Amino acid sequence: LAAGSAFIACAFLSFIAWTLGHVPLALLFLALGGSSLGFLQFNFPPSRLFMGDGGSTFLGYFFAYAAIAGNRLEPSLPAFVPVLILSSLYLDAGLTVVNRLVRRERLFQPHRTHYYQRLLQIGLNHKQVTLLEYLVTILLGVSALVYLEAGEWFAPLMTAAWVVAFTLAILKIRGLERGG
């Protein structure tokens with residue numbers, strides 16, 4: 001999930017940075033996107049090589065850096081854009097941590113409570129879950145392009161729409177887990 005989502009996010013972010021005239025930032029996104037795609041040939045289900053927490057943490061820090069660095073450029077790459085494109089992954093990680101804190105579980109112990117893992121438990125296979133996440137990331141990337149064209153007023157509307165979509169997806173997963 002991480003490598004493919006990083007590739008998709010980098011493709012969108014590279015295009016956006018390029019159109020804003022930020023060639024060095026666009027090239028950074030291309031480099032990370034290319035390396036993610038190279039890794040993906042060994043990681044796409046059935047996986048032969050795994051990224052692990054070290055690789056996914058690096059990707060997270062890179063996108064955080066890119067959001068901050070891009071926001072300081074003129075014209076700026078709004079920090080909202082990378083956050084929007086990767087929001088499904090951020091939401092999954094955030095909700096998983098919050099749920100584990102509420103249940104007083106150890107954060108650094110292995111678990112199977114991420115939404116992609118829960119989709120596997122209700123009967124989807126790895127390839128289906130992976131492709132579903134890629135589709136969501138592509139839709140989020142398209143949303144980011146629309147946001148850039150529509151202007152600042154569109155951010156609250158876009159955020160509300162995705163919050164509703166993610167909430168409905170979470171409720172559907174919970175319903176399926178309960179046999180609904």
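# Reading the helix packing, term by term

Me: Why is His22 called buried?

Reply: His22 has a relative accessible area of 8%, and buried means under 20%. The value is under that cut-off, so His22 counts as buried. Bear in mind that this is a predicted model. His22 is found in the loop between H1 and H2. Leaving aside neighbours within four places in sequence, His22 is in contact with Ala17, Leu73, Glu74 and Pro75.

Me: Two of those partners are Glu74 and Pro75. What kind of peptide bond joins Glu74 and Pro75?

Reply: The bond is cis, with omega about -5 degrees. Pro75 has its place in the loop between H3 and H4.

Me: On to the helices. What makes H1 roughly antiparallel to H2?

Reply: The axes of H1 (residues 2-19) and H2 (residues 23-43) cross at roughly 160 degrees. Angles over 145 count as roughly antiparallel, so H1 and H2 earn that description. Their axes come within 8 Å, and H1 passes H2 in a left-handed crossing.

Me: Which residues of H1 and H2 meet?

Reply: From H1 there are Ala3, Gly4, Ala6, Phe7, Cys10, Leu13, Ser14, Ala17 and Trp18. They meet Val23, Leu25, Ala26, Phe29, Leu30, Leu32, Gly33, Ser36, Leu37, Phe39, Leu40 and Asn43 in H2. By class, the contact of H1 with H2 has 16 nonpolar, 5 polar and no charged residues.

Me: Why are H7 and H8 described as roughly antiparallel to each other?

Reply: The reasoning is like that for H1 and H2. H7 (126-150) and H8 (154-177) pack at an angle of about 160 degrees. The cut-off for roughly antiparallel is over 145, and therefore H7 and H8 fall in that class. Their axes are 10 Å apart, and H7 passes H8 in a right-handed crossing. In the contact, Val136, Leu139, Leu140, Ser143, Val146, Tyr147 and Ala150 in H7 meet Phe154, Ala155, Met158, Trp162 and Phe166 in H8. These residues divide into 11 nonpolar, 1 polar and no charged.

Me: Why, then, are H5 and H8 called oblique to each other?

Reply: The axes of H5 (residues 87-102) and H8 cross at roughly 55 degrees. Under 35 degrees would be roughly parallel, 65 to 115 roughly perpendicular and over 145 roughly antiparallel, with the rest oblique. An angle of roughly 55 degrees fits none of the named ranges, so H5 and H8 are oblique. Their axes come within 12 Å, and the crossing is right-handed.

Me: How many charged residues does the contact of H5 with H8 have?

Reply: There is 1 charged residue, alongside 4 nonpolar and 3 polar. Ser87, Ser88, Leu91, Leu95 and Asn99 in H5 meet Phe166, Ile170 and Arg174 in H8. Arg counts as charged, so Arg174 is the charged residue here.

Me: Which residues touch the most other members of the largest nonpolar core?

Reply: They are Phe29, Phe63, Val81, Ile85 and Trp162, in a core of 34 residues. H1, H2, H3 (52-71), H4 (80-85), H7 and H8 are the elements that give two or more residues to this core. H1 gives the most, with 9 residues. As for Phe63, not counting residues up to four places away in sequence, Phe63 touches Ala6, Ala9, Cys10, Leu13, Phe29, Leu32, Leu86 and Tyr90. A second, separate core of 5 residues includes Tyr115, Leu119, Ile170 and Ile173.

Me: Why does Ile68 count as exposed?

Reply: Ile68 is at 52% relative accessibility, and exposed means over 50%. The value is over the cut-off, so the word applies. Ile68 lies in H3. Ile68 and Ala79 are 11 residues apart in sequence and 6.4 Å apart in space, C-alpha to C-alpha.

Me: And why is Leu124 called partly exposed?

Reply: Leu124 is at 28% relative accessibility. Buried needs under 20% and exposed over 50%, so Leu124 is partly exposed. Leu124 is found in the loop between H6 (115-121) and H7. Leaving aside neighbours within four places in sequence, Leu124 is in contact with Leu119 and Val129.

Me: One last residue: how do you know that Arg104 is exposed?

Reply: Arg104 has a relative accessible area of 77%. Exposed means over 50%, so Arg104 qualifies. Arg104 has its place in the loop between H5 and H6. Phi of Arg104 is near 60 degrees, a positive value in a residue other than glycine.

Definitions and conventions:
Residues numbered from 1 in each chain as written. Predicted model: local features only at pLDDT ≥ 70, side-chain atom pairs only at ≥ 80, totals over all residues. Heavy atoms only, no water. Axes fitted to C-alpha atoms, helices over the stretch in contact; angles between N-to-C directions. Helix = DSSP H or I, 4+ residues; strand = E, 2+ residues; numbered from the N terminus. Left-handed = near helix turned anticlockwise from the far one by under 90°. Contact = heavy atoms within 4.5 Å. Core = buried A, V, L, I, M, F, W, Y, C linked by side-chain atoms within 4.5 Å. Buried < 20%, exposed > 50% of the residue type's maximum accessible area, 1.4 Å probe, protein only.
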